[in-house]
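Q: Got a minute to walk me through the helix packing in this one? I'd like to start with a contact between two helices and go from there.

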Amino acid sequence: MSLDWTELLGFATGAACVALTVRASVWNFPVGIANNVFFLVLFAGARLYADAALQIVFLALGAHGWWQWLHGGERRGRREIRSAGPRAVALTVALLVPVTAALTLVLARAGDSAPFWDALTTALSLAAQWLLNTKRIETWWFWIAADLVYVPLYLAKDLYLTGAVYVLFLVMCLAGLRAWRRERTDLGRAAVAV
């Protein structure tokens, strides 16, 4: 097994990005943008085209999320953690099916090495990133679902370090869900006290 520098740098920036997100730090966005660049190069080389293209989308979404967290809240202030609500979650889940189906067809024609799984993780990741950009707790459930597919996909592609980082991401996502729930509860108590 040879270690690729892009995989190593993707591992390091990815772990840092998720750790910062768990702490609800806005710095997750610039670190995440660096992570996208490393993974773009890595996934293109592994012929995981949707994952590679996803990194380009994540670059744009990262810039959007960075702005949202700083200026997307009340009176153009910082955005607070909140719930997406059942309608928004149902719509997000409903959109996963057609997006995954369409991407699977495109990726199969493009010679992707795992079209369905690559499409599914892409759709889940896009949904998770959108919810992250708007600082919704449900982001963690979508990241957890994506990571449960990413780990075996990357191990099957001999991307062992990337598979390992996604196991770490999965654990960190569980911690993030817990931390964001706790912070939201604390914010609710503080609002009631005022």
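Q: Which residues of α5 meet α6?
A: This is a predicted model, to say that up front. On the α5 side there are W117, D118, L120, T121, T122, L124, S125, A127, A128, Q129, L131 and L132. They meet T139, F142, W143, A145, A146, V149, Y150 and L153 in α6.

Q: And how does that contact of α5 with α6 split by class?
A: By class there are 14 nonpolar, 5 polar and 1 charged residues in the contact of α5 with α6.

Q: OK, geometry next. At what angle do α5 and α6 pack?
A: About 155°, and the axes of α5 and helix α6 (residues 139-156) are 8 Å apart. Angles over 145 degrees count as roughly antiparallel, so α5 and α6 are roughly antiparallel to each other.

Q: Is the crossing of α5 and α6 left-handed or right-handed?
A: Left-handed, for α5 and α6.

Q: Pick a residue from that contact for me. Where is A128 found, and what does A128 touch?
A: A128 is found in helix α5. Not counting residues up to four places away in sequence, A128 touches T139, F142 and W143.

Q: Why does A128 count as buried?
A: Because its relative accessibility is 0%, and buried means under 20%.

Q: How far is A128 from W69?
A: Their C-alpha atoms are separated by 15 Å, and A128 and W69 are 59 residues apart along the chain.

Q: Let's look at α5 as a whole. How many of its residues are buried?
A: 14 of the 19 residues in α5 are buried, so the helix is mostly covered.

Q: What span does α5 reach, first C-alpha to last?
A: Helix α5 (residues 115-133) reaches 27 Å, close to the 27 Å expected at 1.5 Å a residue.

Q: What comes just after α5?
A: K135, which takes a positive phi of about 55°.

Q: Which residue is 9.9 Å from K135, C-alpha to C-alpha?
A: That's G73, and in sequence G73 and K135 are 62 residues apart. G73 lies in the loop between α3 (49-71) and α4. Leaving aside neighbours within four places in sequence, G73 is in contact with Q68, R78 and R79.

Q: What's the relative accessible area of G73?
A: G73 comes out at 22%, so it is partly exposed.

Q: Back to helix pairs. How do α4 and α5 cross?
A: The axes of α4 and α5 come within 8 Å and cross at roughly 140°. So α4 and α5 are oblique to each other.

Q: Which residues make the contact there?
A: From α4 there are T92, L96, V99, T100, L103, T104, L107 and A108. From α5 there are P115, F116, D118, A119, L120, T122, A123, L124 and A127. The residues of the contact of α4 with α5 divide into 12 nonpolar, 4 polar and 1 charged.

Q: What's the handedness for α4 and α5?
A: Right-handed: that is how α4 passes α5.

Q: T92 caught my eye. Is T92 buried or exposed?
A: T92 is buried, with a relative accessible area of 17%. T92 sits in helix α4 (residues 86-110). Leaving aside neighbours within four places in sequence, T92 is in contact with A127 and F142.

Q: Switching ends: what about α1 and α2, how do their axes cross?
A: The axes of helix α1 (residues 5-22) and helix α2 (residues 28-45) come within 8 Å and cross at roughly 150°. That makes α1 roughly antiparallel to α2. By class, the contact of α1 with α2 has 11 nonpolar, 8 polar and 1 charged residues.

Q: And the handedness of α1 with α2?
A: The crossing of α1 and α2 is left-handed.

Q: What does T6 touch?
A: Not counting residues up to four places away in sequence, T6 touches F38, V41 and L42. T6 lies in helix α1 and is buried, at a relative accessible area of 17%.

Q: Which residues of α2 are buried?
A: N28, F29, G32, N35, N36, F39, L42 and F43.

Q: Last one: what follows α2?
A: R47 follows α2, and the phi of R47 is positive, near 60°.

Key:
Residues numbered from 1 in each chain as written. Predicted model: local features only at pLDDT ≥ 70, side-chain atom pairs only at ≥ 80, totals over all residues. Heavy atoms only, no water. Axes fitted to C-alpha atoms, helices over the stretch in contact; angles between N-to-C directions. Helix = DSSP H or I, 4+ residues; strand = E, 2+ residues; numbered from the N terminus. Parallel < 35°, antiparallel > 145°, perpendicular 65-115°, else oblique. Left-handed = near helix turned anticlockwise from the far one by under 90°. Nonpolar A, V, L, I, M, F, W, Y, C, P; charged D, E, K, R; others polar. Expected span 1.5 Å × (residues − 1). Buried < 20%, exposed > 50% of the residue type's maximum accessible area, 1.4 Å probe, protein only. Contact = heavy atoms within 4.5 Å.
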